[in-house]
Amino acid sequence: MGSSLSVYLLDVAATRALVGSRDEQLLEVVRDRFGDDLARDDDWFRSEIEDGAPTAYEALRAVVHGGPFSEDKQYAFQYGYAYQRLCSLTGSFLANSSFTPHRGDWLSVVDEGLTALGITAVSVAAFEYGDLPAPLPRSYPPGCGEWTHEQCLRALEQFEATKAKGGTPPPLDPEVVEAVMQCLGWLRHAESRPGFGVIGFKF
């Protein structure tokens, strides 16, 4: 069984602002739209919940209200999943076939491919090692990270600068090339939408 990466196009600042927004209407929409998912997650994590972890909805409510959060760090994963649920509600899911499933240090391998093309402004490994918006407790899994709109624009500028130099393309494995092209697709989606970037979750 490998890891997976779920990636969303959305307004990064607006999405982060959902944390602590106390938006009861948002909570109602999520509960209505994801009711079956919430119940399924509670069944999956039944033993953890019986030991004191928050339910999926309790975690979601804590995220939207900015707390309170469980003092037991082992249950922080529920808040990560809750934030991912908000992203899936408000964002557009981006193609992830090159990253789901994946094994080992694949994200770092793809980053090496990006770097070979002159792209250093973004990193897919950041989706594993980044932090959730404050004041959410750090959790893993899921890993979470983001590419801001400015980072996306800079990455595309770097790519275009590399192309303008010409020369022989660096030798990359076909799978890495495909993954890099998928990343460039994410960047292109964000390019024309001010404020929009990419938020990714590694599971």
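Which residues touch the most other members of the largest nonpolar core? In this predicted model, they are Phe-99, Val-124, Trp-147 and Trp-186, within a core of 31 residues. A search of the whole structure also finds 13 aromatic pairs, and two of the residues just named, Trp-147 and Trp-186, form one such pair.

**Largest nonpolar core**

- The core comprises 31 residues, of which Phe-99, Val-124, Trp-147 and Trp-186 have contacts with the most other members.
- Two or more residues are contributed by each of S1, helix H7 (106–116), helix H9 (149–165), H10 and strand S4 (196–202).
- H10 supplies the largest share of this core, with 8 residues.
- Leaving aside residues up to four places away in sequence, Val-124 touches Phe-99, Leu-107, Val-110, Asp-111, Trp-147, Cys-183 and Trp-186.

**Second nonpolar core**

- Another core, of 28 residues, lies apart from the largest one.
- Its members include Leu-10, Val-12, Leu-38 and Ile-199.

**Tyr-8 and Phe-93**

- Among the 13 aromatic pairs of the structure is that of Tyr-8 and Phe-93, which is edge-to-face, with 5.6 Å centre to centre and 70° between the planes.
- The pair links distant parts of the chain, since Tyr-8 belongs to strand S1 (residues 5–11) and Phe-93 to strand S2 (residues 92–93), 85 residues apart.
- Tyr-8 counts as buried because its relative accessibility is 4%, under the 20% limit.
- Phe-93 is partly exposed, because its relative accessible area of 48% falls between the limits of 20% and 50%.

**Trp-147 and Trp-186**

- Trp-147 and Trp-186 form a tilted aromatic pair, with 5.8 Å centre to centre and 50° between the planes.
- Trp-147 lies in strand S3 (residues 143–147) and Trp-186 in helix H10 (residues 174–191), so their pairing ties together parts that are 39 residues apart in sequence.
- Trp-147 is buried, at a relative accessible area of 1%, and Trp-186 is likewise buried, at 1%.
- Both tryptophans are also among the residues that Val-124 touches.

**Ring cluster and charge over a ring**

- Ring pairs join Tyr-8, Phe-45, Phe-77, Tyr-81, Tyr-83, Phe-93, Phe-201 and Phe-203 into a cluster.
- Both partners of the edge-to-face pair described above, Tyr-8 and Phe-93, therefore belong to a cluster linked by ring pairs, a pair being defined by ring centres within 6.5 Å.
- Arg-193 lies over the face of Phe-196, at 4.0 Å from the ring centre.

Conventions. Residues numbered from 1 in each chain as written. Predicted model: local features only at pLDDT ≥ 70, side-chain atom pairs only at ≥ 80, totals over all residues. Heavy atoms only, no water. Phe/Tyr/Trp six-rings, centres within 6.5 Å; stacked < 30°, edge-to-face > 60°. Helix = DSSP H or I, 4+ residues; strand = E, 2+ residues; numbered from the N terminus. Buried < 20%, exposed > 50% of the residue type's maximum accessible area, 1.4 Å probe, protein only. Lys NZ or Arg CZ within 6 Å of the ring centre and 35° of its normal. Core = buried A, V, L, I, M, F, W, Y, C linked by side-chain atoms within 4.5 Å. Contact = heavy atoms within 4.5 Å.
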